[in-house]
Amino acid sequence: MFSLGIDSSNYRSSAAIVYDDLSYISNRKLLSVTLGERGLRQSDAVFLHTKQLPYLIKEVLDDIDTSKISCIGVSERPRRLEDSYMPCFLTGVGYAEILSSALKVPVFKFSHQEGHIAAALLSSGRLDLLNQRFIAFHISGGTTEVLLVSPSEIGFNVKIIAKTLDLHLGQVIDRVGVKLGLAFPCGEQLEKLALNGEVTKKVKPCIKGFDCALSGVENICDNMIKSGETSENIAAYTISFAAETLCKMTLKIKEEYGNYPIVYSGGVMANNIIKNKLLEVTEADFASIELSGDNAVGIALLAKLSLEI
């Protein structure tokens, strides 16, 4: 038996199957963004999911015996909060409800954030953390949060213990990348540029309590562009700022909360420069590069675990 997962975020459509042995197949596709743009309106995201998701789901189901699907998981909102809402998730919920009725199996609904955390635990080999408290960093284009995660019968109980006060780290990377002529989302391309650049300005992360402020990075990069700094050096500065910010937040969290295990998830954490810098200051586990970005694997896993309770 196995579970089907569906996720329709503001960045990517995705579907996945998780088997009893916890192996998985995953099919996902970025939402198309016009060159020079920094994202999508929700109406455009809903339209693209409506076009893409049926084919992605069909592809993961084509080679399996659908009578062995035991349950369906779907992300229905960004976070596990009553006022957390984005229309793009309604697309995935609609397909999940139809498949649940057709296949006569239960559907379990989770937050997109819970899916990221679960994908990180699965791909880092830390499913043991499902039964204890740990710290999870969720760092992406739409979220920059540090969470105290506790076990729950369905998904996770999460408490935000640190966050951004303005822009998200993924937003900063994408905004700078677009100004350098890169296609959105810009993380992978900006990292490649950074590998050939050097940090020519002093990096001064802005930490207030446990929180961070990031809007100043864009202004600094604007000035670097105007002064004729190379794209490679601007990329190196941006990635260095992101890494130093997360390092300082990590150290402050560790000082306050002790030796809870730490897990990093979200699209920004696919960046090896940032990952290697963090490993200099702490022991931690990371989502695999494949499952750092938005995906339905974590959602499928959570549905499987929920059915087994």
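Which residues do ring pairs link into a cluster? In this predicted model, the cluster consists of Phe137, Tyr264 and Phe286, joined through pairs between their rings. Phe137 is a useful point of entry, and the account below follows it into a sheet and a core before turning to the N-terminal strands.

Phe137 belongs to strand β6, which spans residues 134-139 and pairs with strand β7, residues 144-151. The two strands run antiparallel and are joined over six bridges. Within this pairing, the residue of β7 that stands opposite Phe137 is Val146. Strands of a sheet pair through backbone hydrogen bonds, in either a parallel or an antiparallel sense. Here β6 and β7 are part of an open sheet of five strands, with the order β8-β7-β6-β11-β12 and mixed pairing. The edges of the sheet are β8 (156-163) and β12 (285-286); each has a single partner strand, so one side of each lacks a neighbour in the sheet.

Phe137 also takes part in the largest nonpolar core, which has 53 residues. Phe137, Leu246, Met269 and Ile274 are the residues with the most contacts inside this core. Helix α7 (residues 231-257) supplies the largest share of the core, namely twelve residues. For Leu246, once neighbours within four places in sequence are set aside, the contacts are Phe137, Ile139, Leu169, Met269, Ile274 and Leu278. Another core lies apart from the one just described; it has 28 residues, including Val18, Ala119, Ala136 and Phe156.

The N-terminal region offers a second place to examine. Strand β1 covers residues 2-8, and seven of its seven residues are buried, so the strand is largely enclosed by the rest of the structure. Both of its faces are covered: Phe2, Leu4, Ile6 and Ser8 are buried on one side, and Ser3, Gly5 and Asp7 are buried on the other.

Strand β1 has pairings with β2 and with β4. Seven bridges connect β1 with β2 (residues 12-19) in the antiparallel sense, and these two strands form a hairpin with three residues between them. With β4 (residues 69-77), the pairing of β1 is parallel and comprises five bridges. Phe2 appears in both pairings: Tyr19 stands opposite Phe2 in β2, while Ile69 is the bridge partner of Phe2 in β4.

Aromatic side chains add a further set of links, and a search of the whole structure finds seven aromatic pairs. In one of them, the ring centres of Phe2 and Tyr19 are 5.2 Å apart and the planes lie at 65 degrees; because an angle over 60 degrees counts as edge-to-face, the pair is assigned to that class. The pair joins strand β1, which holds Phe2, to strand β2, which holds Tyr19, across 17 residues of the chain. Phe2 is buried, with a relative accessible area of 6%, whereas Tyr19, at 24% relative accessibility, counts as partly exposed.

A second pair, that of Tyr11 and Phe184, has ring centres 5.7 Å apart and planes at 15 degrees, so this pair is stacked. Tyr11 lies in the loop between β1 and β2, and Phe184 in the loop between α4 (169-179) and α5 (187-194); the pair therefore ties together parts that are 173 residues apart in sequence. Phe184 counts as buried, at 14% relative accessibility.

Methods. Residues numbered from 1 in each chain as written. Predicted model: local features only at pLDDT ≥ 70, side-chain atom pairs only at ≥ 80, totals over all residues. Heavy atoms only, no water. Pairing = 2+ DSSP bridges. Helix = DSSP H or I, 4+ residues; strand = E, 2+ residues; numbered from the N terminus. Core = buried A, V, L, I, M, F, W, Y, C linked by side-chain atoms within 4.5 Å. Buried < 20%, exposed > 50% of the residue type's maximum accessible area, 1.4 Å probe, protein only. Contact = heavy atoms within 4.5 Å. Phe/Tyr/Trp six-rings, centres within 6.5 Å; stacked < 30°, edge-to-face > 60°.
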